[in-house]
Amino acid sequence: MNTISSLGQAMAMDGLNAYNVQVSQMKKTSADTTVSQKVVPTGSEVAQDIVKNAADVKADAKQLEKMSDLISGRKLQFNVNNELGSIVVKVVDPNTNQVLKEIPSEDMQKLKINIRKTIGALFDQLI
């Protein structure tokens, strides 16, 4: 299947935008401003940006979990659904470790995954 998750696309575009901003700043500081050439990052650079952004999201999720443990009587768990490419929040009872609420729900996650697979299959057949 030739589909990329929206999170992967967003992270790739974030990496591309950050790279283009950095290149444009370098061009402004250089003495030769007559050459205006857009630098396109290589696939490995984009992949590194995606991995770095995913690691940042996971680290942020862990920090949010620690803060929620201090603030509320409920425990929040933040996870990244790699297949869906989005963050899943679970509200857990700290005494029983029972999941009280999952956002988005497991059924909704399955529905989104099935929709993406169907759209991917449709585009594979059209191409």
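In which sense do strand β1 and strand β2 pair, and over how many bridges? In this predicted model, strand β1, which covers residues 75-81, and strand β2, which covers residues 86-92, pair in the antiparallel sense over seven bridges. One of the bridge pairs can be named, since the partner of asparagine 81 in β2 is serine 86. The two strands form a hairpin with four residues between them, and in that turn glycine 85 has a positive phi of about 80 degrees.

Strand β2 is also joined to strand β3 (residues 99-103) by four bridges, and these two strands run antiparallel. Here lysine 90 stands opposite glutamate 102 in β3. The hairpin of β2 and β3 has six residues between the strands, and asparagine 97 takes a positive phi near 55 degrees in it.

The loop between β2 and β3 holds aspartate 93, and threonine 96 is placed in that loop as well. Their relative accessibilities are set out below.

| Residue | Relative accessibility | Class |
|---|---|---|
| Aspartate 93 | 19% | buried |
| Threonine 96 | 51% | exposed |

Aspartate 93 counts as buried because its relative accessible area of 19% lies under the cut-off of 20%, whereas threonine 96 counts as exposed because its value of 51% lies over the cut-off of 50%. The side chains of these two residues are nevertheless joined by a polar contact of 3.3 Å. When residues up to four places away in sequence are not counted, aspartate 93 touches Gln98 and Leu100.

Conventions: Residues are numbered from 1 along each chain as its sequence is written. This is a predicted model: local features need pLDDT of at least 70, side-chain atom pairs count only at pLDDT 80 or more; totals for chains, interfaces and linings use all residues. Side-chain values use heavy atoms; hydrogens and water are left out. Two strands pair if DSSP finds at least two bridges between them. Buried means under 20% relative accessible area, exposed over 50%, partly exposed in between (1.4 Å probe, protein chains only). A polar contact is a pair of N or O atoms within 3.5 Å; within protein, one must be able to donate a hydrogen and the other to accept it, and residues adjacent in sequence count only if both atoms are side-chain atoms. Contact means heavy atoms within 4.5 Å.
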